[in-house]
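Reader: I should like to examine how the terms used for this model are justified. Please set each value against its criterion.

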Amino acid sequence: MTPETVELARLQFALTAGIHFLFVALTLGLATTVACLQLRATVTRSPLHTHMVRFWGQLYVINYAMGIVTGLVMELQFGLSWSGLTHFAGNLFGAALAMETLVAFFIESTFLGLWIFGWGRMNRWLHLGVIWVVTLTAYASAYWILVANGFMQNPTGAALDGDTLVLTDLSALLTNPSTLTAFGHIAGGALLTSGFFVAGVSAYHLRRRTEQREFFGRSLRIGVYTSVPALFLAVATGGLQFGHLEGTQPMKLAVFAMDGDEIDALQAAMIEQFGAGDYTPPGLARAAGLVMLVVFAAMFWILLVGALLAISRKVIVRFRLWHVVLMAAMPLPYVAMISGWVFREVGRQPWVVYEMLTVDDAVSDISDTAMRASLITFTTLFGVLVAVTIWLMARHARRGPDAVTLGAGELGGDTSSRPARDPSEAILTFVGR
Amino acid sequence: MEILAIAILGFYAIGYFVLGGADIGAGMLLPILARTRGERQRVVATIVPYFLTNEVWLVAAAGVLIGLFPVVEGDLLTGLFPLVCALLVGWVSRDAGVWFRGRVDGDGRGARVWRATCDATICAGSWIVAGAWAWILAGLLAGETDHVVTDPTVVVAIGAVLSVFALHGLAFVGLRSSGDLRRRSMRWFGSSGERRMFVVTGAIVAGLVIAAGSNIPLTAAAADRATLDWLVPAILMVTPVLLAAQMWAWRLFRHRIPSHRIPSGHHSGQGSSAVRVKPRSDVGP
């Protein structure tokens, strides 16, 4: 193990977690949109809304896979590359991950299977309930992951016992402000991501003078009017997070403000407390924080104008310049999400558990060669899969609602009134010919 | 509390190997069992409604391991680093193959190549996953938990574990398919019906996991008392809910995959295994 091992392990984790974070953001937001659409479709029996559930649901399903596979790798990477962390903080951090897998992910994935393959095979209210379970457990998953992450940012409810941390206060662990405000921030960011996604895809079709004006006109409006409150939620919780940085991580704040005197003072204080070392996070944290704020401003103006334009149905269908803006804006929430994440995570370096365990002390005893080989392998694998996923998403988004196979044969009626279909139909459709 | 923690870990690990082992085995045998494009579709279809609900058991087992035995998790995974990486590569490829296979539809050449590529990925991924598990289990059976066993005799153990996976997958396809596919998979088992075979191969898999797992030093390595005191009851409370959801999925998708596609809307009868199942007498060798 050398200093290079640490850098390789760190790069590998950043890539896995970063990709995971971006795909999961759309998963979380789009699940919410689909669940709300299906609520409307179920209550009103509107064929249009049923069709919207199928189209946006199909894109949601394609996107889901990337979140799972990167999540799997990430879960095991804690043990593979960061066994120092599981040794030191496993009593708290591991427990949160255990709850995430059981209470959230296990149910989410089981119910997603029921939703996709049980389409048309259960009472429509039950099917609605299934997608809501998927959505709510997705939020539960985000919460538990942020219990783990919040603890690393701001270790509360724990005390040192020998060379490991033990739990002293469960409720302090579960209501850590670093967890709760980040949860609101990420929920807002996820809804913003899906809002811009839905609006952008709809704008693409409207700009091409689609026949499905009603379908995409309504979708565009849903996208814009989801994004507006989502942006405010993200801003409010973002402000709250800045607010308590002063108490939890003043160094992050000082680096962001580029306050040299404050950085020097904090650095000197930390050397006195923790021994010699560099306790100043790299400038990348500040850059990322600035990018996040600039992108926020861009999204704010796009939504301010958009919220007014979206009042008129004529404008929604005909204003082609606006369509171009919405299409071009689709990546903005992703940029904001990833730069916000870099600000949060790089800004706490060199600590993995703040002021308790450094990243250097957390890395596993693995050879350079092994770490490099695994980095190259997973980077290549994820690179290919990201490209394939984006290509498939673009393909399905472009082809529009008529080509959707998810829930094919489902006409929005009550399943009990139609003749029994082949029970394997949804499965064979999913598998392809 | 420690005993309960071990029982919980064992429950989720056995659940994964018995359920997930079946779809891994089916993936391994894909090119052997399926002779036509239509049959390849059907073998993948036997896996599809279950692979997601099966693999969550491993995610859960890994979660339980890191939550209840954090130190063991770190030591085990670090010690077996190359094997766990191989396992993940196989797993990710396999999932991607299953998930993306039907996302390019149509009957053109490109679409056919796409699906054949996905089938190849599913099969190769299944072999990598099974091979990595076989190596890990073989090492654990030999009592080595902190490094990869490279003794030449390990090859025999790996071969044996791989065969168990394959047989279990064979019984699974027999249980889930109909027509030629079902006959072909059952030929290996003589006259002892697929249900009984699946129970037998499942029991062998479970026995293997218990034997291998008993060599992991768990008793003295559980998480701190304060963590166990809330985490163990929480897991025990949620487990029946998880099981109920799984049982619902097993029940809902219990139908055999038909050997011929029924046109949409065709009345296929109310029975569960409605479609063209050959009479029992045809099953034997």
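Author: A salt bridge is a side-chain nitrogen of Lys or Arg within 4 Å of a carboxyl oxygen of Asp or Glu. In chain A, Glu214(A), Arg218(A) and Arg313(A) are linked in a network of such bridges. The model is predicted: local features need pLDDT of at least 70, side-chain atom pairs count only at pLDDT 80 or more, and totals for chains, interfaces and linings use all residues. Residues are numbered from 1 along each chain as its sequence is written, chains are lettered from A and ligands numbered from 1 in the order in which they are written, and side-chain values use heavy atoms, with hydrogens and water left out.

Reader: Why is the pair Arg313(A) and Glu214(A) called a salt bridge?

Author: The N to O distance between their side chains is 3.0 Å, and the criterion asks for a nitrogen within 4 Å of a carboxyl oxygen, so the term applies. Arg313(A) belongs to helix 11 of chain A and Glu214(A) to helix 7, so the pair ties together parts 99 residues apart in sequence. Helices here are DSSP runs (H or I, at least four residues), numbered from the N terminus. Over all chains, the search finds 17 salt bridges.

Reader: What makes the salt bridge of Asp105(B) and Arg399(A) a link between chains?

Author: Their side chains meet at 3.2 Å, N to O. Asp105(B) lies in the loop between helix 5 (81-100) and helix 6 (109-141) of chain B, whereas Arg399(A) lies in helix 15 (residues 368-399) of chain A.

Reader: Why is Asp105(B) called partly exposed?

Author: Buried means under 20% relative accessible area, exposed over 50%, and partly exposed in between (1.4 Å probe, protein chains only). Asp105(B) has 24% and therefore counts as partly exposed. Arg399(A), at 36%, is partly exposed as well.

Reader: Why is Arg256(B) called buried, and which side-chain contact does Arg256(B) make with Glu194(B)?

Author: Its relative accessibility is 15%, so Arg256(B) counts as buried. Arg256(B) is found in the segment after helix 10 (225-252) of chain B. The side chains of Arg256(B) and Glu194(B) are joined by a polar contact of 2.7 Å. That term denotes a pair of N or O atoms within 3.5 Å; within protein, one must be able to donate a hydrogen and the other to accept it, and residues adjacent in sequence count only if both atoms are side-chain atoms. A polar side-chain atom of Arg256(B) also lies 3.3 Å from the backbone oxygen of Leu175(B).

Reader: How do you know that Glu246(A) is exposed, and of which patch is Glu246(A) a part?

Author: Glu246(A) has a relative accessible area of 58%, and is therefore exposed. Glu246(A) sits in helix 7 (residues 213-248) of chain A. With Asp259(A), Asp261(A), Glu262(A) and Asp264(A), Glu246(A) forms a negative surface patch. Patches are made of residues with over 30% relative accessible area and no salt bridge; like charges are joined within 9 Å, and nonpolar side chains (Val, Leu, Ile, Met, Phe, Trp, Tyr) within 5 Å. Helix 9 (residues 260-274) of chain A gives the most to this patch, with 3 residues.

Reader: What makes Val325(A) partly exposed, and which nonpolar patch includes Val325(A)?

Author: At 35% relative accessibility, Val325(A) counts as partly exposed. Phe319(A), Leu321(A), Val324(A) and Val325(A) make a nonpolar surface patch of about 320 Å². Val325(A) is placed in helix 12 (residues 320-329) of chain A.

Note on methods:
Helices (H or I, at least four residues) and strands (E, at least two) are DSSP runs, numbered from the N terminus. Accessible areas come from the Shrake-Rupley method with a 1.4 Å probe; for residues, only the protein chains shown count as cover. Lys and Arg count as positive and Asp and Glu as negative; His and the chain ends are not counted. The place of a charge is taken as NZ of Lys, CZ of Arg, CG of Asp or CD of Glu.
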